[in-house]
Structure formats: structure tokens, C-alpha cells
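Dear colleague,

Please find below the structure that I am handing over to you. My notes on what was found in it follow.

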Amino acid sequence: MAALPTPSGFSPKTVEKAVNALLKWRSSKLNTQKPQLLEHDEFVYLILTLKKIPHKGVSRINAHKIPLPCPLTNPLTEAPELCLIIDDRPKSGLNKDAAKKKIQNDNIPISKIIKISKLKTDYRPFEAKRKLCDSYDMFFADKRVVPLLPKMLGKQFFKKKKIPMTLDLKHQNWKEQIDKACGSALLFLRTGTCSVVKVGRISMSREEISKNVMAAINGIAEIVPRKWGGIRSFHLKLLDSLALPVYQAVPDLKLKIDGSAKEQEEEDVVAEEEDKVKEGKIGKKKGRIHEVRYMDNNDDGRVVDEDELGSVFEGDIDNHADDDVEKGSDELLNKKRKMGDNKGKGEKKVAKLKKEDGFKQKKAKNEDVTKQKKIKKNALALESGGMQVKDNKKKKRLAA
């Protein structure tokens, strides 16, 4: 399959710079921390961010395998602890003894075989699941039991990224499938836009980590929907470090909307009016009296002369007249409001009285109806009694 063309914002140099910065940060951190008895080999993680949530092919268990030039776990040189979960149900046609013989004949580095029935019963408590997760480096499972595993294993396996790899145990190439899974990066497309992939170890050299990162990025671009068009960014990080950007997609500019010409003209007119008000060409609207002068006293408290009095009176006579008119109109408005409030209160009282009278009339009518019904019942009872007496008399006469 031909490799996809890489976008302009991605280059191997940025990957090398990010790897060097992470390794430098970790060495400086080890110098400040206390030395540990057991060396811990840490992973290098590649964070994938998509533009949209993938709606097809989303699975928490079935991983996409991306081959790496430098495998994370090599069964030939290392001695990893590998665990195999098999399907021992009657329909599968496989048991533990047959699986052991197959592993010994093919020299497959499997150190533990667990039956699905035993996983249900013996590993039900949380502590047992946690110990099982910490005891082995990788887990493999038969393809037929993979849908049953999320409930049986619990969240600890998903947190530590030790989800079992699927194997097709119906075929005889068990060793090839396990070697391919050990030498691949595992991509789980989840129900969100972010995914994490293990691409290297701290014990590797810088060149090996960079090669793995480049291979993982190119492999992910072939798997993801819309290829490079669906990828937003790639980041590299260690477990406790910051995420360093390796690739960032250019944002889409299709959503930019320009305003119409009419809206622009209206904004220009408003701006011109504001400028004229600031310059003083257009005066402010009159509607309030900000200053009130009195004819007998000045601002300093002294008595005003006749000349000053005349000048003050001539300048403010119109203002005082306006004040009197406004006061009179305010008083009329207040009176009208009070009259309206009183009318409203009176109308409410009348309505309440009408309602009470209506209820009383209804009660009286109901009582009259019940009385009439009782009278009718009594009259009917009397009539029926009289008829029975007459019938008895007739019977006696006939008998005589």
C-alpha cells in the first residue's frame, strides 16, 4: 500500500526535537529524585486528537495493530510475562491440555493459561483482578471470548492499557500472531476524539524512538477516517511530563461570515453621530433642570441687589414657569393614579361580593332541591303503603 503524502506542518525534525526534550527532562528529573532500588522502564506515549468523534468501527477491545520497526516487547531477546485466555466452553472444542501441548511444540513464550470459566469464578473480587493485571506484561485472548471480557476484567485493565489482544485460535499460526502483536503499536479508537498509543520505551535509543513515532504517525493516518484530513494534532509525552506538540492541523476558515452592506452603512451612521456629539455640533437633549436659582439669596449666602435680581429674573422666568407646569401635571397624574387604584380596589371588592352571593344562591338552590326530593320520596312511600292496605282488604272480602 502506497504511503500517504504528509502535510506541510509535519516533519521528522520536530519529532526528533520532541524526543530529545523528553529524554532531557527525564534525566534532569532523575538527578533531583532519590535513587530507586529497581529501575523502572517508562513508556513514550503518542496522543492522537481527531477533529470529529469516529462513529464507525469504535470498539473498546478490538485494537488496530500498527507495525513498528523497533518492537516494544521482543519475546526472543527478552522474557516477557505473557498470559493467554482461552475458551473452554463445549462448543469451542479447545481445552487447557490441548493449548499447553500446542504452546510447547511451537515454543510460544506463554507463561500462563487461564480458562474463561476460571476467570468468572476465581477472579471476581477487585483485588484478584488488580493482582492479575500487575502480574503479566501482555494479555492475549481467544477471539470468541473477547466480547465477554470487559465485565470480567474490570476497569483496572483499561486504566493500565493492558487490554487483551485478540487471537484467532482456530488457525494454527499462534506464534506468528503473538509475534506480530508484540511488535506492533495498539490503537483503540474510543468514543471520543483523543486516543493514546505506546510507541517506545526509555531504554531505547533516540533514533529508535523517533523511528517508532514516525511509523506510528504514518500508520495512524492510514487507519483514521478521512486520513490526514480527520487528524487535528499529535503530541508526545511521558507519564508525568507535559505533552509536546509534534503536528497541528491548520484551522478551517470556511465558517467566516462577512456582514452585509446595509449593516455596515448603519454602523457608519451611528459612528458619525457619536463623533458629532463629542465635537459639540449636536447639543444634548433638554429634559431635566440641573440648576435652580433663588431670587432672594446668592450662592454665597448674601442678599441680591435689585440689578442682580432683575438679571436673574429675566434669565430664569421661563424655567420657573416650566417647573410650575411640570409640578401641576405631576400632581394631576398622581391623583388619577390614586383614583384608578381606588377604583380597582372597589371593583375587586364588588367582584368578591358577587362571587360570595353566587355561592350562597347555589347552596340555597341545592338545599331546596334536596328537600323536594325528600318530600317526593315520602309521598311515594305513603301511596305505596295505601295501595297495599286496599289490596289486603280486597283479599279478605273475596276470602269471606
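Leaving aside neighbours within four places in sequence, which residues is Ile220 in contact with? They are Leu46, Leu48, Ile66, Leu187, Val197 and Phe234, where contact means heavy atoms within 4.5 Å.

This is a predicted model, in which local features need pLDDT (the predictor's confidence in each residue, from 0 to 100) of at least 70, side-chain atom pairs count only at pLDDT 80 or more, and totals for chains, interfaces and linings use all residues. Residues are numbered from 1 along each chain as its sequence is written, and side-chain values use heavy atoms, with hydrogens and water left out.

The average pLDDT of the protein is 75, and 66% of the residues score at least 70. Over residues 287-321 the pLDDT stays under 50, and the model has 15 contacts beyond four places in sequence for them.

The largest nonpolar core (a set of buried Ala, Val, Leu, Ile, Met, Phe, Trp, Tyr and Cys residues joined through side-chain atoms within 4.5 Å) has 36 residues, of which Ile220, Ile231, Phe234 and Leu236 touch the most other members. Helix α8 gives the most to this core, with seven residues. A second, separate core has 22 residues, including Leu94, Ile163, Leu167 and Phe188.

Asn212 also lies in helix α8. Asn212 counts as buried because its relative accessibility is 0%; buried means under 20% relative accessible area (1.4 Å probe, protein chains only). Not counting residues up to four places away in sequence, Asn212 touches Leu68, Pro69, Cys70, Leu72, Val199, Gly200 and Met204. Helices are DSSP runs of H or I with at least four residues, numbered from the N terminus.

Yours sincerely

Terms used:
Buried means under 20% relative accessible area, exposed over 50%, partly exposed in between (1.4 Å probe, protein chains only). Helices (H or I, at least four residues) and strands (E, at least two) are DSSP runs, numbered from the N terminus.
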